[in-house]
Amino acid sequence: MIGVIGGSGVYEIEGIVIKEERKVSTPFGEPSDAYRIGEIAGIEIAFLPRHGSPHHIAPHKINYRANIRGFKDLGAERIISINAVGGINRKLKPGAIVIPDQIIDLTEGRERTFYDKEDIVHVDFTEPYCPELRAAIFSAGEKSGIDVVKRATYACVNGPRLETAAEIRAFGFLGADVVGMTGMPEAILARELEICFTGLAVVTNHAAGISKTRLTATEVVMKMKEATERIKHLLKETFANISPGRNCACRDALKNAKM
Ligand code: HPA
């Protein structure tokens, strides 16, 4: 099973026939919504709108642990996570689809591990995203003629406010190309459960200070909606590219990670 997390403006994936909505309870609480279980080309998909549907959960209030554990309990071995991001790197224009390869975690106060009780676990996170899943998206892009940016460092802020111009300048100096509010702790939680994980980010705006105009949530959702058709094609092609077996290190993330 492949999990898909929808971000702002993505509350369903067209083209997937939903067979059932499954509510899941986890030891970490309730996920954002029921998982939409469907199928595309014989591959089982579980879709979860991260902010609920309709959109009512702010980025800093999302129960990321419940969402990721819910996918694990459903049997998902891979997750593609869709996010809206602001472009810090001026080359990344609104509308661009970006597959990040690195993360700078600037969030605070979020539950960011499953191992905060007896087990002491230090999971390797040098490469935060699954190389196989990323490669599957790249070849989907090539096959379907959809441009994807293959490298970007994603700075994850806590929100819900947007950034100051100086913050964006500083994040740029740190090496960030895009900024968003939901990429973490999703990525590390998936790794801790040995689930392959990749982000699929859509640049919805130039970040604060780069944009000449005031940033609005409306603009974010509008740009995301404009990208829906491309996301849909890219996902369909990606699902078809994914082989059943996994050969990446994600599946053994806990090997030798426990103290
Ligand atoms: N900043 C933070 N999060 C975002 C942005 C932004 O400019 N655009 C979309 N999500």
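Begin by selecting strands β5 (78-87), β9 (178-180) and β10 (196-206), each of which supplies at least two residues of the shell around the ligand; strands are DSSP runs of E with at least two residues, and helices are runs of H or I with at least four, numbered from the N terminus. The model is predicted, so local features need pLDDT of at least 70 and side-chain atom pairs pLDDT 80 or more, while totals for chains, interfaces and linings use all residues. Residues are numbered from 1 along each chain as its sequence is written, and side-chain values use heavy atoms, without hydrogens and water.

Next, select the residues around the ligand (a heavy atom within 4 Å of it): Ala84, Val85, Gly86, Leu162, Glu163, Val179, Gly180, Met181, Thr204, Asn205 and Val220. Strand β5 gives the most to this shell, with three residues.

Now display the polar contacts (pairs of N or O atoms within 3.5 Å). A nitrogen atom of the ligand lies 2.7 Å from a side-chain N or O atom of Asn205. For Glu163, a polar side-chain atom is 2.8 Å from a ligand nitrogen. Gly86 places a backbone N or O atom 3.3 Å from a nitrogen of the ligand. The protein covers 95% of the 260 Å² of accessible area that the ligand has on its own (Shrake-Rupley method, 1.4 Å probe).

Finally, turn to helix α5 (residues 217-241), which gives the most to the lining of the largest cavity, with four residues. On a 1 Å grid over the protein atoms alone, a cavity is a set of points where a 1.4 Å probe fits but cannot get out, and lining residues have an atom within 4 Å of a point. Among the lining residues are Thr228, Ile231, Lys232 and Leu235.

Terms used: Polar contact = N/O pair within 3.5 Å; in protein donor to acceptor, adjacent residues only side chain to side chain. 1 Å grid on protein atoms, 1.4 Å probe; cavity = no way out; pocket = protein on both sides within 12 Å on 5 of 7 lines; lining within 4 Å.
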